[in-house]
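Here is a short tour of one protein chain. Keep the sequence and the 3D view side by side as you read.

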Amino acid sequence: MLKKLSKILISLCLFPLLFSCTVVRHDDDQKEEGGVTFYFESEDFDAASFIKECWDARIVPEIKENAVDLNFLMVSLRRDQDETIEKHGIRKEESSPFSFIVKGNIPIKSINQESAAGLLALDTPDLRGNEYCQIQIGPVIKKSAVRDALSFINFGDFANQIEFANISREINFYIRDHVVSTLGDDVPENSSAEFFGVFILDGTGSIIITPVILIIHPGE
């Protein structure tokens, strides 16, 4: 009876946590041995439920509010990268590359669904010879671009690296299941992609956008 009552009390404590999309740090899931810290996945934190509760309430609004037009940003990066990074770049660690929140409605150049990590190429003007912009269309969504661009998700708020990694994993799963899942096998010619998303400026010359919103407008 006492055990059952404890589970009820724990559930009551977790409900407001999920509803308000905030994270309460706890440090009970780590152990140090020989100067090395080991972390164990907590059963008290449900990353999938956290992302589900936050998606419409906080994630989408923050991305839409801070998005910069992709074409404008590409021109600005070429003209003065340092100034553009200062105005629009986001990073939480000194050693991390900068991320940018972008939006646009751009003609589709090509679509590649042969790979599990499918990509939709945009016909973006004003790019240099080896530069190109693409949108991840899955089903495998790579990297942690969206998580790392959100102001209310920070490593210090989580118990350990596993919980923080689970947040990124569940964001990518949510994008796979709710953002890019409606994309058909064939995209009509002259279609365009309306999107809000995030990319990481990693110095490779390629821009890979992780979409938070993706709408395909068929061409006429």
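Start with one serine. The side chain of Ser 144 makes a polar contact with the side chain of Arg 147, at 3.3 Å. Ser 144 sits in the loop between strand 6 (132–139) and helix 5. Is Ser 144 buried or exposed? Its relative accessible area is 17%, under the 20% cut-off, so Ser 144 is buried. Bear in mind that this is a predicted model.

**The whole chain**

Now step back. The chain has six helices and eight strands. Along the sequence they follow the pattern α-β-β-α-β-α-α-β-β-β-α-α-β-β. The chain holds 220 residues, and 39% of them are buried. Its accessible surface comes to about 12800 Å². Carbon and sulfur atoms own 50% of that surface. Take the contacts between residues at least 6 apart in sequence: 67% of them join residues at least 24 apart.

**How far to trust the model**

The mean pLDDT of the chain is 82. A value of 70 or more is reached by 77% of the residues. Which element has the lowest mean pLDDT? Helix 1 (residues 2–19) does, at 44, while strand 3 (residues 68–69) has the highest, at 97. Over residues 1–19 the pLDDT is below 50, and this stretch has nine contacts beyond near neighbours in sequence. Residues 36–40 also stay under 50. For them the model has 19 contacts beyond four places in sequence. Where pLDDT is low, the predicted coordinates should not be read in detail.

**The nonpolar core**

The largest nonpolar core has 52 residues. Those with the most contacts inside it include Trp 55, Leu 70, Leu 122 and Phe 195. Which helix gives the most to this core? Helix 2 (residues 47–66) does, with eight residues.

Leu 70 is worth a closer look. Beyond four places in sequence, its contacts include Val 102, Lys 103, Ile 106 and Leu 122. Leu 70 also touches Cys 133, Phe 195, Phe 199 and Ile 209.

**Helix 6**

Helix 6 (residues 161–179) has 19 residues. From its first C-alpha to its last it reaches 26 Å, close to the 27 Å expected at 1.5 Å a residue. Asn 160 caps its N-terminal end: a side-chain oxygen of Asn 160 lies 3.0 Å from the backbone nitrogen of Ile 162.

The buried residues of helix 6 include Phe 164, Ile 167, Ile 171, Tyr 174 and Ile 175. An α-helix has 3.6 residues a turn, so residues three or four places apart point the same way. What covers the buried residues of helix 6? The cover includes helix 2, helix 5 (145–149) and strand 8 (206–217).

**Two partly exposed residues**

Val 75 lies in helix 3 (residues 70–79). Gly 205 lies in the loop between strand 7 (192–200) and strand 8. Both count as partly exposed. The table pairs each one with a residue elsewhere in the sequence.

| Residue | Relative accessibility | Partner | Apart in sequence | C-alpha to C-alpha |
|---|---|---|---|---|
| Val 75 | 34% | Pro 125 | 50 residues | 9.2 Å |
| Gly 205 | 28% | Cys 133 | 72 residues | 9.1 Å |

Find both pairs in the 3D view. Cys 133 should look familiar, since Leu 70 touches Cys 133 as well.

How values were computed. Residues are numbered from 1 along each chain as its sequence is written. This is a predicted model: local features need pLDDT of at least 70, side-chain atom pairs count only at pLDDT 80 or more; totals for chains, interfaces and linings use all residues. Side-chain values use heavy atoms; hydrogens and water are left out. A nonpolar core is a set of buried Ala, Val, Leu, Ile, Met, Phe, Trp, Tyr and Cys residues joined through side-chain atoms within 4.5 Å. Buried means under 20% relative accessible area, exposed over 50%, partly exposed in between (1.4 Å probe, protein chains only). Helices (H or I, at least four residues) and strands (E, at least two) are DSSP runs, numbered from the N terminus. Contact means heavy atoms within 4.5 Å. Accessible areas come from the Shrake-Rupley method with a 1.4 Å probe; for residues, only the protein chains shown count as cover. pLDDT is the predictor's confidence in each residue, from 0 to 100. The expected span of a helix is 1.5 Å times one less than its number of residues. A polar contact is a pair of N or O atoms within 3.5 Å; within protein, one must be able to donate a hydrogen and the other to accept it, and residues adjacent in sequence count only if both atoms are side-chain atoms.
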